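These are my notebook entries from going through one structure, sheet by sheet and then contact by contact. I wrote down what I looked up and what I found.

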Amino acid sequence: MSSPEIASLSWGHMKVKGCSSSYKDCKVWPGGSRAWDWRETGTDHHPGVQPADLEEVLKKGVELLIIGRGMSEALQVPASTLDFVKQNGVDVRVFQTEKAVAEYNKMAGQGAKVGGVFHSTC
(Lines give C-alpha, C1' and ligand atoms only; values in the text may rest on other atoms or scores of the structure.)
Protein backbone atom coordinates (compact mmCIF):
# COMPACT_ATOMS: atom_id res chain seq x y z
CA MET A 1 0.00 0.00 0.00
CA SER A 2 1.32 3.39 -0.93
CA SER A 3 0.66 6.65 0.85
CA PRO A 4 -1.89 8.74 -1.10
CA GLU A 5 -0.75 12.01 -2.61
CA ILE A 6 -2.22 15.20 -1.22
CA ALA A 7 -3.66 16.68 -4.39
CA SER A 8 -4.35 20.21 -3.16
CA LEU A 9 -4.06 22.48 -0.16
CA SER A 10 -5.58 25.89 0.46
CA TRP A 11 -6.76 27.71 3.57
CA GLY A 12 -9.24 25.39 5.30
CA HIS A 13 -9.35 22.88 2.43
CA MET A 14 -7.36 19.77 1.58
CA LYS A 15 -7.92 17.11 -1.11
CA VAL A 16 -6.32 13.68 -1.03
CA LYS A 17 -5.91 11.84 -4.31
CA GLY A 18 -8.38 8.96 -4.63
CA CYS A 19 -10.74 10.37 -1.98
CA SER A 20 -14.04 11.94 -3.00
CA SER A 21 -14.40 14.13 0.08
CA SER A 22 -12.30 17.12 1.07
CA TYR A 23 -10.94 17.88 4.51
CA LYS A 24 -10.25 20.90 6.70
CA ASP A 25 -7.63 19.01 8.69
CA CYS A 26 -6.65 15.48 7.77
CA LYS A 27 -4.76 12.34 8.67
CA VAL A 28 -3.13 10.26 5.92
CA TRP A 29 -1.36 6.90 5.94
CA PRO A 30 -0.43 4.15 3.47
CA GLY A 31 -3.72 3.18 1.85
CA GLY A 32 -6.00 5.80 3.37
CA SER A 33 -7.01 9.12 4.85
CA ARG A 34 -9.72 10.69 6.96
CA ALA A 35 -10.70 13.95 8.59
CA TRP A 36 -8.69 14.95 11.65
CA ASP A 37 -11.40 15.98 14.11
CA TRP A 38 -9.75 17.71 17.06
CA ARG A 39 -12.89 17.20 19.17
CA GLU A 40 -12.13 13.45 19.35
CA THR A 41 -9.11 14.10 21.59
CA GLY A 42 -9.74 17.59 22.94
CA THR A 43 -6.90 19.02 20.87
CA ASP A 44 -6.46 22.78 20.56
CA HIS A 45 -3.67 25.06 19.32
CA HIS A 46 -2.26 25.01 22.88
CA PRO A 47 -0.97 22.62 24.14
CA GLY A 48 -1.25 21.27 20.60
CA VAL A 49 -0.94 17.85 18.98
CA GLN A 50 -1.51 15.03 21.49
CA PRO A 51 -0.24 11.45 21.30
CA ALA A 52 -3.90 10.39 20.97
CA ASP A 53 -4.09 12.38 17.69
CA LEU A 54 -1.29 10.27 16.24
CA GLU A 55 -1.99 6.74 17.51
CA GLU A 56 -4.25 5.83 14.59
CA VAL A 57 -1.66 6.83 11.98
CA LEU A 58 1.20 5.15 13.86
CA LYS A 59 -0.77 1.87 13.92
CA LYS A 60 -0.84 1.88 10.10
CA GLY A 61 2.82 0.83 9.88
CA VAL A 62 4.36 4.19 8.99
CA GLU A 63 8.11 4.67 9.27
CA LEU A 64 7.91 8.47 8.98
CA LEU A 65 5.28 10.85 10.36
CA ILE A 66 4.96 14.41 9.12
CA ILE A 67 3.07 17.00 11.15
CA GLY A 68 1.73 20.18 9.56
CA ARG A 69 1.37 22.93 12.19
CA GLY A 70 -0.91 25.21 10.15
CA MET A 71 -0.40 27.97 7.63
CA SER A 72 0.87 30.34 10.34
CA GLU A 73 2.25 27.54 12.54
CA ALA A 74 -0.25 28.27 15.34
CA LEU A 75 -0.62 24.57 16.22
CA GLN A 76 1.88 23.57 18.87
CA VAL A 77 3.70 20.22 18.97
CA PRO A 78 4.90 19.46 22.50
CA ALA A 79 8.23 17.67 23.01
CA SER A 80 6.32 14.91 24.84
CA THR A 81 4.33 14.21 21.64
CA LEU A 82 7.52 13.99 19.58
CA ASP A 83 8.99 11.65 22.19
CA PHE A 84 5.86 9.47 21.96
CA VAL A 85 6.31 9.11 18.18
CA LYS A 86 10.01 8.28 18.51
CA GLN A 87 9.28 5.72 21.25
CA ASN A 88 7.09 3.96 18.68
CA GLY A 89 10.11 3.65 16.38
CA VAL A 90 8.86 6.25 13.90
CA ASP A 91 10.82 9.23 12.57
CA VAL A 92 8.95 12.52 12.86
CA ARG A 93 9.26 15.84 11.02
CA VAL A 94 7.35 19.02 11.84
CA PHE A 95 6.77 21.86 9.34
CA GLN A 96 4.51 24.73 8.42
CA THR A 97 1.63 22.97 6.60
CA GLU A 98 2.51 23.94 3.00
CA LYS A 99 6.07 22.70 3.57
CA ALA A 100 4.74 19.63 5.40
CA VAL A 101 2.52 18.68 2.45
CA ALA A 102 5.42 19.17 0.02
CA GLU A 103 7.67 16.94 2.16
CA TYR A 104 4.92 14.35 2.59
CA ASN A 105 4.21 14.20 -1.17
CA LYS A 106 7.94 13.95 -1.92
CA MET A 107 8.38 11.04 0.49
CA ALA A 108 5.18 9.32 -0.66
CA GLY A 109 6.36 9.68 -4.27
CA GLN A 110 9.59 7.90 -3.30
CA GLY A 111 7.56 4.99 -1.92
CA ALA A 112 8.22 5.73 1.76
CA LYS A 113 5.81 4.39 4.37
CA VAL A 114 4.83 7.90 5.35
CA GLY A 115 1.86 9.21 7.27
CA GLY A 116 0.83 12.66 8.31
CA VAL A 117 -1.49 14.92 10.22
CA PHE A 118 -2.13 18.33 8.70
CA HIS A 119 -3.83 21.48 10.01
CA SER A 120 -4.94 23.64 7.07
CA THR A 121 -5.80 26.95 8.73
CA CYS A 122 -3.94 29.09 11.25
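**Entry 1: the mixed sheet.** I began with the strands, keeping in mind that this is a predicted model. I found an open sheet of 5 strands in the order S5-S4-S8-S6-S7, and its pairing is mixed. Its edge strands are S5 (32-35) and S7 (91-95), each of which pairs on one side only. I also looked up the turn between neighbouring strands of this sheet, which is 10° on average with direction ignored.

I then followed one pair in detail: strand S6, residues 64-68, runs parallel to S7, and 5 bridges join the two. In this pairing I noted Leu64 opposite Asp91 of S7.

**Entry 2: helices on the mixed sheet.** Which strands does helix H1 lie across? I listed S4 (25-29), S5, S6 and S8 (114-119) for H1, residues 51-58, and its direction is at about 35° to S4. Helix H2, residues 79-87, lies across S6 and S7 and runs at about 150° to S7.

I next asked which residues of H1 are buried. They are Asp53, Leu54, Val57 and Leu58. Viewed down the axis of H1, these buried residues fall within an arc of 125°, so they line one face of the helix. I set beside this the general point that an α-helix has 3.6 residues a turn, so residues three or four places apart point the same way. As for what covers the buried residues of H1, I recorded S4, S6, H2 and S8 among the covering elements.

**Entry 3: the antiparallel sheet.** I turned to an open sheet of 3 strands, ordered S1-S2-S3, in which the pairing is antiparallel. S1 and S3 stand at the edges with a single partner strand each, so one side of each has no neighbour in the sheet. Between S2 and S3, which run antiparallel, I counted 2 bridges, and I noted that Met14 stands opposite Tyr23 in S3. Helix H3 lies across S1 and S2, and its direction is at about 175° to S1.

**Entry 4: Gln96.** I looked up Gln96 in the loop between S7 and helix H3 (97-109). Is Gln96 buried or exposed? Its relative accessibility is 11%, and because buried means under 20%, Gln96 counts as buried. Its side chain makes a polar contact of 2.8 Å with the side chain of Glu98. When I left aside the neighbours within four places in sequence, I found Gln96 in contact with Gly70, Met71 and Glu73.

**Entry 5: salt bridges.** How many salt bridges does a search of the whole structure find? The search gives 9, and I followed three pairs.

In one of them, the side chains of Lys17 and Glu5 meet at 3.6 Å, N to O. Lys17 lies in the loop between S2 (13-16) and S3 (22-23), whereas Glu5 lies in the segment before S1 (6-10), so the pair ties together parts that are 12 residues apart in sequence. Lys17 is exposed, with a relative accessible area of 55%, while Glu5 counts as partly exposed at 38%.

Another salt bridge joins the side chains of Arg34 and Glu56 at 2.8 Å, N to O. This pair links distant parts of the chain, with Arg34 in strand S5 and Glu56 in helix H1, 22 residues apart. I noted both residues as partly exposed, Arg34 with a relative accessible area of 25% and Glu56 at 23% relative accessibility.

I then looked up Arg93 and Glu103, whose side chains form a salt bridge at 2.3 Å, N to O. Arg93 lies in strand S7 and Glu103 in helix H3, so this pair ties together parts that are 10 residues apart in sequence. Arg93 is partly exposed with a relative accessible area of 31%, whereas Glu103 counts as buried at 14% relative accessibility. Through shared partners, salt bridges also join Lys27, Arg34, Glu40 and Glu56 into one network.

**Entry 6: Lys106.** My last look-up was Lys106, which lies in helix H3 and counts as partly exposed at 44% relative accessibility. I noted its distance to Ala35, 71 residues apart from Lys106 along the chain: their C-alpha atoms are separated by 21 Å.

Methods:
Residues numbered from 1 in each chain as written. Predicted model: local features only at pLDDT ≥ 70, side-chain atom pairs only at ≥ 80, totals over all residues. Heavy atoms only, no water. Pairing = 2+ DSSP bridges. Helix = DSSP H or I, 4+ residues; strand = E, 2+ residues; numbered from the N terminus. Axes fitted to C-alpha atoms, helices over the stretch in contact; angles between N-to-C directions. Contact = heavy atoms within 4.5 Å. Buried < 20%, exposed > 50% of the residue type's maximum accessible area, 1.4 Å probe, protein only. Polar contact = N/O pair within 3.5 Å; in protein donor to acceptor, adjacent residues only side chain to side chain. Arc of directions from axis to C-beta. Salt bridge = Lys/Arg side-chain N within 4 Å of Asp/Glu carboxyl O.
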